[in-house]
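User: I'd like a close look at one part of this model, and then a walk outward from there. Could you keep it chatty and spell out the cut-offs as you go?

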Amino acid sequence: MAMVQGTFDDLGTALSTVTFVVVDLETTGGSPAECGITEIGAVKVRGGEVVGEFQTLVNPGAPIPAFISVLTGITDSMVAGAPRVEAAFPAFLEFARGSVLVAHNAGFDISFLKAAARRTETEWPGFAVLDTVHLARQLVRRDEVPNHRLGSLARLFRSPTTPDHRALHDARATVDVLHGLLERVGSLGVHSLEELLDYGSRVTPARRRKRHLADGLPDAPGVYLFKDGQGRVLYVGTSVSIRTRVRSYFTASEHRRRMGEMVRIAESVSPVVCATTLEAEVRELRLIAEHKPRYNRRSRHPEKALWVKLTVEPFPRLSVVRAVADDGARYAGPFGSRTAAEAAVAAVHEVLPLRQCVERLSPTRPRSACALAEMGRCGAPCTGAQSVEEYAGVVERAALLLAGDTRDLLDSLRARMADLSAAERFEDARVVRERLVALVRGTTRSQRLDPLARIGELVAARRSLLGGWEVVCVRHGRLAGSTSSPRGADPMPYIDALRASAEVVAPPVAPMPAATPEESEKILRWLESPGVRIVEVDGAWTCPVGGAAAVRAELEPLEASRREVAGFAGVR
């Protein structure tokens, strides 16, 4: 059955369903650090109707100043038997749980409530807060009222309650002001909680007026492209609801400065509806790589990924390259930067006497030795001191390292770090550790990508949140197609149709998949997520138990500890 759209664009929570708790406090003074609460009054409303009230006097634990008693009518004798804030405040929190707090001049009341939370060692729940003064200043003209005080607004909106500096009375009057303001803001097209909270100074009128760019966009998963007046793509994003996400850019919920600049330039939004959320995420990556939008910071240059290659020659060496070739060489990666790739190479050189010179060596034409050979860091195959066969043993160990068999390496580098630490060469030990982490990360990626790149076809399914199934077809690590079956329908016909219509993908040179590594890794995360079922697989999808992923898992606590210590040192 097709979903029926409501009257209004569905951005967040409809105001008719929101529970507001309108609160007012009376206090012994204006400083929450030095003064106490003497009364709490609150009214709970939903859909324009009052659904509950809360009122209590509070013993502030100190005498009430005379001028405050004159103003509020609350005396020391009135609060003598009242509960202290340690009892009154938790009761109010229970009453207000799950609501949006509303107050007139909310900064005052909320500051005292937060002070009460600190005093009672209670975690502040992080309520959304609406200030009727702030809203009134935008909606009520000065020719209507002399000022925006509660009494003036209560008269304007014909509240039957006259504010008199008693908490519950003032809260009741604020409810009527709130409802009057909601009527006005509703005529301006604000129909959701998020839009109401956004109706403030942080969102300029010009930005708010651009909400029309979301008109007609689908309430479906997919990709959206913000474009300028010349049709150039400014930004690419993805969402489970294109319309809802795009509309959020014109509200205060979008607080990134660069996005505000992007919205000012944007003149149109193009949607790309996708059958599944995974397809939307993959299409986002591809569109960013294609258009390289200036407001997308990530995934703009997948072609810059680097690999570490063990060359094929009589005396192989490690080299950092930009592509995987069908040359019989061993590859590890990809690495996100040259620094990371070179650190991985250095990790191998820490434990293996693999040559580091870049010239192509001949076993029949010896040459003079370099400094590394004199230091014992290389077997000097260049001089003839090491034959091709002898050097092949070193190469085999290097190939195992790049294949992800890094446990021996881990043991060797741990011993190396221990020796450096014992010699109080702590900075050198840190460098060795960082090199180890870079190598393990790179070999983990290639070890995960290699099996997926070799699989001709993998079909998997996952239950949709709306019922039915999300089905994806992956070929050689590339998303070749996806579809969704409706609730209650047999998914097999949809799967058969997907396989017949999916993109034809040529086999790549493993471990490089037929897609960008980032796309394949996104697919892997989806395949490994809870609830995914493998329907069909043409090949073997495996990962060795003792591979690099296991070593990386061992290193993660060490890295977390290192970051924590570094952060502490930075704070000091």
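What is the relative accessible area of arginine 445, and is the residue buried, partly exposed or exposed?

Analyst: Arginine 445 has a relative accessible area of 22%, and that makes it partly exposed. The cut-offs here are under 20% for buried, over 50% for exposed, and anything in between for partly exposed, using a 1.4 Å probe and counting protein chains only.

Before going further, some ground rules. This is a predicted model, in which local features need pLDDT of at least 70 and side-chain atom pairs count only at pLDDT 80 or more, while totals for chains, interfaces and linings use all residues. Residues are numbered from 1 along each chain as its sequence is written, and side-chain values use heavy atoms, with hydrogens and water left out.

Now, what is arginine 445 doing with its side chain? The side chain forms a salt bridge with that of glutamate 521, at 2.7 Å from N to O. Arginine 445 sits in helix H17 (residues 426–454) and glutamate 521 in helix H19 (residues 517–527), so this contact ties together parts of the chain that are 76 residues apart in sequence. A salt bridge means a side-chain nitrogen of Lys or Arg within 4 Å of a carboxyl oxygen of Asp or Glu. Helices (H or I, at least four residues) and strands (E, at least two) are DSSP runs, numbered from the N terminus. Glutamate 521 is the buried partner, with a relative accessible area of 15%.

Elsewhere, salt bridges that share partners connect Arg141, Asp143, Glu144 and Arg184 into one network. One of its links is between arginine 141 and aspartate 143, where the closest N and O atoms are 3.0 Å apart. Aspartate 143 is out in the open, exposed at 61% relative accessible area. Over the whole structure, the search turns up 25 salt bridges.

Another of these pairs glutamate 39 with arginine 166, whose side chains meet at 2.9 Å, N to O. This one also links distant parts of the chain: glutamate 39 belongs to strand E2 (residues 37–46), arginine 166 to the loop between helix H6 (150–156) and helix H7 (167–186), and 127 residues separate them. Glutamate 39 is buried, at 2% relative accessible area, while arginine 166 is partly exposed at 21%.

That loop is worth a second glance for its backbone. Histidine 165, in the loop between H6 and H7, has a positive phi of about 65 degrees even though it isn't a glycine. Histidine 165 is partly exposed, with 38% relative accessibility. Arginine 158, also found between H6 and H7, is another non-glycine with a positive phi, about 55 degrees. Arginine 158 counts as exposed, at 74%. As background, most residues other than glycine have a negative phi, and most peptide bonds are trans.

On the peptide-bond side, there are cis bonds to look at. Glycine 333 and proline 334 are joined by one, with omega about 5 degrees, and proline 334 is located in strand E11 (residues 330–335). Alanine 510 leads into proline 511 through another cis bond, omega being near 10 degrees. Proline 511 falls in the loop between helix H18 (491–501) and H19, and H19 is the helix that holds glutamate 521.

Back in helix H17, home of arginine 445, you'll also find aspartate 428. Aspartate 428 is partly exposed, with a relative accessible area of 32%. Its C-alpha is 8.0 Å from that of methionine 417, and these residues are 11 apart in sequence.

One last stop, at the surface: Ile534, Val537 and Trp541 make a nonpolar patch of about 230 Å². Patch residues have over 30% relative accessible area and no salt bridge; like charges are joined within 9 Å and nonpolar side chains (Val, Leu, Ile, Met, Phe, Trp, Tyr) within 5 Å. The areas come from the Shrake-Rupley method with a 1.4 Å probe, and for residues only the protein chains shown count as cover. Valine 537 lies in strand E15 (residues 533–538) and is partly exposed, at 36% relative accessible area.
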